[in-house]
Amino acid sequence: MTQETVAATSDAVLDREETISRDELEALQLSRLQHTVAYAYDRVPLYKRKFDEAGIHPTDLRELADLGKFPFTTKEDLRLEYPFGMFAVPQHEVARIHASSGTTGRATVVGYTKKDLADWAKLVARSLRASGVRPGMKVHNAYGYGLFTGGLGAHAGAEALGCTVIPISGGQTERQITLIQDFKPDAILATPTYLLTIADAMVKQGIDPASTSLKYAVLGAEPWTEEMRHELEVTMNLKACDIYGLSEVMGPGVAGEAVETQDGSHIWEDHFRPEIVDAFNPAVGVDSVLGDGEHGELVFTSLTKEALPIIRYRTKDLTRLLPGTARPAHRRMGRITGRSDDMIILRGVNLFPSQIEEIALRIPELSPHFQLELTRPEGTRMDQLTVKIERRDAVTVEGAAAAAKVLQQQIKIHVGSSCTVDVVEPGSLERSNGKLRRIYDLRPKA
């Protein structure tokens, strides 16, 4: 850790809940959890129906482990209750509505009371502060504004922290670069792949990405690897930290990474109770909850939400829970290795885009820009994976061909499946304007 990082973190004034003991935190969780489960049962018809069908009642929750007896909530539940069936308060108490894009099905809709919005801003501010952002800093917010929770959620949190917010939103990359040069922000909020897009565009304009005023990047909304962190930190001469959230649970700020440790995001457990369960086993029960350190699917229960309390929401994000470090009472999330619905099953082998990123960025000749194409050649029943990846600018055609062989071998060794690697020209693949699409399924539709 540099002296600058030490200085940036030593003057932080933490929330009281960040400094309490684990025992105090779990006592607070139990009290809030008992209230939330009863509140959801009384006010949300879906929960009354699900609890009754499962033969469970809010009064059965006597200790934290009892949460494992309650049924899960899924994205499909929210879609079936579209638009406002999950709301626990009357319409006039809903201060704001957000929604998913609906590109993979009916949109999921979430609502917030004024208190929910205040809590959300506080937790985003807490996350930004953990990542090195301080009151008085200028913050360039390149998360998309609108129904997506990223832009407005990050904006409110930065304002609550006492920052000057530059609300540029996503896209318009050349304008982003102009404002970074002219306004000289201290921190940038974006998806990791979009920050990479900005850095690449700077290079094309003859600007050294390491020469800007940016000192901190708080990145989220898509899985990214330690190799990507290294790429961005070296390229842009800044400290990059993760921020985690999802709209169904709140939005960004459910968890945040500390700049002094950069060892995974601490979950703000005074507001959310996390669990890890087997991603591919729908069973409910205390025995189905995995222990800390075990890999599985992340599940969240809200503890303080008013408009949309959420009980045991299956996020589909694959990770593990680890002991707290910079915030000892609050457990950390390991790096998200992927999403259960993004998993590619290739000839019986499970594969995630983040695995390809991790392997590719260890090969100096290859860039972080890649796509995965799934095809099924005519007349066969076997799926084929092609990794399209850009070579770096200074790499020759011969060097790229050698790198392709290395990547192909490393994927076979570490993932266990064969694939084709196509190294393409720099700048030829689609760039991120927010969340980047990695997988292109070109197989014939059944």
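This is a short walk through a few parts of the structure above: one pocket, one helix, two sets of paired strands and some single residues.

Okay, thanks everyone. Before I start, keep in mind that this is a predicted model.

Let me begin with a pocket. I'm taking the second largest one, with a volume of about 360 Å³. So who sits around the middle of it? The lining has 19 residues, and those nearest the centre are Asp200, Val203, His369, Arg392 and Asp393. If you want to find the walls on screen, look for α9, which is 192-204, α10, which is 226-236, and then the strands β18 at 366-375 and β19 at 384-391; those are the elements that give two or more residues to the lining. Which of them gives the most? That's α9, with four residues. And for those of you already thinking about charges, here's the breakdown by class: nine charged, six nonpolar and four polar residues in that lining.

Let's stay with β18 for a moment, since we've just met this strand as part of the pocket wall. Nine of its ten residues are buried, so to speak of it as mostly covered is fair. What does β18 pair with? On the one hand there's β19, running antiparallel to β18 and joined to it by seven bridges. If you'd like a landmark there, Thr375 stands opposite Gln384 in β19. On the other hand there's β21, residues 439-441, joined to β18 by three bridges, and that pair runs parallel. The landmark for that pairing is Leu372, whose bridge partner in β21 is Ile439.

Now over to another sheet. Four strands form it, it's open, the order is β10-β11-β12-β15, and the pairing is antiparallel. At the edges you have β10 and β15, the latter at 338-339, each pairing on one side only. Let me go across it strand by strand. β10, residues 272-277, pairs with β11 over six bridges, and you can pick out Phe272 standing opposite Ser302 in β11. Next, β11 is joined to β12, residues 313-319, by four bridges; here Glu297 has Leu318 in β12 as its bridge partner. Then two bridges take you from β12 to β15, with Asp317 opposite Arg339 in β15.

How covered is β11 itself? Seven of its seven residues, in the run 296-302, are buried. One of the residues in β11 is Phe300, and Phe300 has a relative accessibility of 0%, so it counts as buried. What touches Phe300? Leaving out residues up to four places away in sequence, the list includes Phe272, Arg273 and Pro274, then Ile310, Ile311, Arg312, Tyr313 and Thr315, and also Tyr244, Val249, Val254 and Ile267. For a sense of distance, Arg106 is 194 residues away from Phe300 along the chain, and their C-alpha atoms are 22 Å apart.

Next slide, a helix. In α4, residues 45-54, the buried residues are Leu46, Tyr47, Lys50 and Phe51. Why do I say they line one face? Because, looking down the axis of α4, they fall within an arc of 120°. As a reminder, an α-helix has 3.6 residues a turn, so residues three or four places apart point the same way. Pro45 and Glu53, on the other side of α4, are exposed. What covers the buried residues? Among the covering elements are α3 at 22-43 and α5 at 75-80. And one backbone detail for the torsion people: Gly55, just after α4, has a positive phi of about 70°.

Last bit: two loop residues. Thr113 is in the loop between β2, 109-112, and α6, 114-130. Buried or exposed? Thr113 is buried, at a relative accessible area of 4%. Beyond its neighbours within four places in sequence, Thr113 is in contact with Val89, Glu93, Ala95, Glu306 and Ala307.

The other one is Pro328, in the loop between β13, 321-322, and β14, 332-333. Pro328 is exposed, because its relative accessible area of 57% is over the 50% cut-off. Where does Pro328 sit relative to Glu18? They're 310 residues apart in sequence, and 8.3 Å apart in space, C-alpha to C-alpha.

That's my tour. Happy to take questions.

Notes. Residues are numbered from 1 along each chain as its sequence is written. This is a predicted model: local features need pLDDT of at least 70, side-chain atom pairs count only at pLDDT 80 or more; totals for chains, interfaces and linings use all residues. Side-chain values use heavy atoms; hydrogens and water are left out. On a 1 Å grid over the protein atoms alone, a cavity is a set of points where a 1.4 Å probe fits but cannot get out, and a pocket is an open set with protein on both sides within 12 Å along at least five of seven lines; lining residues have an atom within 4 Å of a point. Grid points are joined across faces, edges and corners, and a volume is the space filled by probe spheres set on the points. Ala, Val, Leu, Ile, Met, Phe, Trp, Tyr, Cys and Pro count as nonpolar, Asp, Glu, Lys and Arg as charged, and the others, Gly among them, as polar. Buried means under 20% relative accessible area, exposed over 50%, partly exposed in between (1.4 Å probe, protein chains only). The arc is that of the directions from the helix axis to the C-beta atoms. Contact means heavy atoms within 4.5 Å. Two strands pair if DSSP finds at least two bridges between them.
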